[in-house]
Amino acid sequence: MDLNVVGKNIIRVDAYSKVTGKALYPQDIYLEDMVYGKVLRSTKPHGKIKVDITEAEKVKGILKIFTYKDVPKENKYGVVLKDHEVFVSEKVVRIGEPIAFIVGETQEICEEAYEKIIVDYEELNAVFDPIEAMKEDSPIVHGDSNIILHYKLRHGDIEEGKKKCKYIVENIYRSPMVEHAFLQPEAGLSYLEEDGTVVVAVATQYPHYDREEIAINLGLPEEKIKVINTNIGGAFGAREDISVQIHLALAAIVLRRPIKIIFSREESFLAHSKRHPMVMKYKTGADENGFLQYMEAEIIGDSGAHASWAINVLRKAGVHATGPYVIPNVNVDSYAVYTNNPFTGAMRGFGATQVSIAYEQQIDELAVKLGMDPIEIRMKNIFRKGSMTATGQILTDSVPLDKCIEAVDKEFQFSRKLEVESI
Amino acid sequence: MVNISLIVNEKLFEVSVSENLRLIDLLRDELGLIGTKEGCGEGECGACTVIMDGETVNSCLVMAFQANGSNILTIEGMEKEGKIHPIQQAYIDVGAVQCGFCIPGMVLSTKALLDKKPHPSKDEIREGISGNLCRCTGYNKMIYAAEKAIEYMEEGK
C-alpha cells in the first residue's frame, strides 16, 4: 500500500511559526483600548462566605467587579455535572474557587482593588480523605452524598476463582495527585464584534463545549458567541474544563471593552484540575502453573471539590483494572468521591494510568511467590487475539502485546527471576 | 522612571522605564517582541530566556534598568535577511516542536551553548538546555536538534 503520510517524515504546519516566536498564544495578543481582569479566589477549603466589594469598587480605574449577582442566567457549569459556579454564591468547596472578577484599566489597578475586597468566611468542617468522605458522618461537599460514581464490574465467579488459586496477593496502592504544569499559563481575550457577537480567544481543548457553557451562563444564543482557539501551550487534559472563558465573555459584553487576562503560574496551579489520586485495594490470585484465576479490586478516586470528568475517569480505571491480562473471575468496584481538595479531572491516560501501578506490582509479587520469571508469567496471561477482557469484549483485531514485551525484554535484557525473598 | 539605552537584535533603543519594570515586560509590552514567553515568572522554566551580552538570562529575573548598556538577542533576532538560523531549521526538521511555548527559550539556550562550544558532547547539550523546561517532548528531540544544527552549520546551510 502506498501511504502519503504514514512512514514519512512530515513537517508540522506550525513548527515554523513556533521556532521564530511568531506563533500567537492568548497572552501575545494586544488589542487597542483593552482592559485587564483578575480573579479573586477562595482561600479556605470549605465555608460560607460574605463578600464586600464596596472599597475595592472605589479604586480609580476600576470598571467593575463582577460577582455571582452579575451572572445573567445560570451560575453553574461543568463538563459532565454542573457543579462549578461561575462565581461562588454562598459556599466555597475548595481553595481556589472564583469569587469575584475584577476589571480595571491596568493590571496594577486590578491588584490594588483585589487587596480591598473583603471576604468573610464562616468555616465548615472539611474532608480531605476520600475514604473518610464516603462515610455517613462526613462533611458533605455538594448535595447529599460525596459519592459521585460507583462503577461495578462483575465477571465470572470470584469464589470459584479463589478455589483455583495457589497464591493470592493482597495489597493497597496509593497514587498521588499530579499537576499537568503545561508551560503556557491560562490566558485569554474577549471582545465584541460590530454585530454584538462576543469573541473569546483562548487556548482550550474544547472550543465547542466552551461556547455552550458561555451561552448557558450568559443567556445568549450560541451563534452570538465565537470561541477562537489560539496556539495552545500544552494542555494534557487540564484545558478541558472552563478557566477564563465565561468571566471574559461576561465582562466584554457588560463593559463593551476588549478585555485580557493572564494567570500567574501560581493561579494556574490553583485554577485547573489535577490527576485523580487513587487508593487501590487489590487481591490477585494465580494457580500453580502461573495462570491468573481471580482478581478483586476496590478503587477510590479523589475527585476533589468538583466532578469534572470523574465519572469517566473512575469508570476507565475500573475497565482497565485487570490490565492487559486474561482473568476469568473478577470483581471491580470503583468510586469517584468528592472532597474539599483541589478538583481533579482529565490527565493523560484518564484513569488507566493509575491502576497500572497496582496490577503490574500484583503480577510481580505473584511471580516471586511462584518462583517464576516476571516475563514468563506475563506471557502466560496477556491479552492476545481472541482473548476476552473482564468487560466481556472479545479482542478480534491486532493485539501485538507479546511482540512488545519480547522487544522490551530483549532491549533491556530484563528476563530474570525476581530475586526478592519476601515483599 | 529611568532612561536606559540598550541594543536589542542589533537595533538601538533609548527608552524610559519604571524602576519595577522587568526586562521581559520591556521586551513584550513596550518593544512588541512577543516571542519571549513567560511561563512561571520566577526563573524556573526558562521560557523567557534571552541572550544578554553572550550569556543566557531569564528575562523575568532581570530588571529593565539592569539591561542598560547591554546587547540583547531575542528569538526575533535569530532570523537574518528572511532566513531562519540553522538551529531553528534543525528544531523544525527533527520534530522538536510540539506546543511551542518553550521553543524560543530552548533555541536561544542552544545558540548560547553552540556559540561557546561548537562541538559539545551529549551531556554538554543536556546541561546547556537544562534551564529550559519542556512538558511535551521529553527533551530527546531537542538534543537531536542541537546535533542536527551542528551538522547544518558545518555544511553552511
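**View 1. The annotated hammerhead domain of chain A.** In this predicted model, residues 20–125 of chain A are covered by the UniProt annotation "domain: Aldehyde oxidase/xanthine dehydrogenase a/b hammerhead", which comes from an unreviewed entry. Follow the span from end to end and you will find its end C-alpha atoms 52 Å apart. Strand makes up 35% of these residues and helix 13%.

**View 2. The five-stranded sheet of chain B.** Here five strands form an open sheet with mixed pairing, in the order S2-S1-S5-S3-S4. Strand S2 (11–17) and strand S4 (55–58) of chain B are the edge strands; each has a single partner strand, so one side of each is left without a neighbour in the sheet. On average, neighbouring strands are turned by 40 degrees against each other, direction ignored.

**View 3. The S1–S2 pair of chain B.** Let us look at one strand pair of this sheet. Strand S1 (residues 2–8) of chain B runs antiparallel to S2(B), and seven bridges join the two. Within this pair, Val2(B) sits opposite Val17(B) of S2(B).

**View 4. Helix H3 across the sheet of chain B.** Helix H3 (residues 103–116) of chain B lies across three strands: S3 (49–52), S4 and S5 (71–73). Relative to S3(B), the helix runs at about 35 degrees.

**View 5. Where chain B meets chain A.** Chain B brings 25 residues to the contact and chain A brings 24. On the chain B side, helix H2 (86–94) and H3 each supply at least two residues. Sorted by class, that side of chain B has 17 nonpolar, five polar and three charged residues.

Definitions and conventions. Residues numbered from 1 in each chain as written. Chains lettered and ligands numbered in written order. Predicted model: local features only at pLDDT ≥ 70, side-chain atom pairs only at ≥ 80, totals over all residues. UniProt positions renumbered as here; feature names shortened; annotations may be inferred. Helix = DSSP H or I, 4+ residues; strand = E, 2+ residues; numbered from the N terminus. Pairing = 2+ DSSP bridges. Axes fitted to C-alpha atoms, helices over the stretch in contact; angles between N-to-C directions. Contact = placed C-beta atoms within 7 Å. Nonpolar A, V, L, I, M, F, W, Y, C, P; charged D, E, K, R; others polar.
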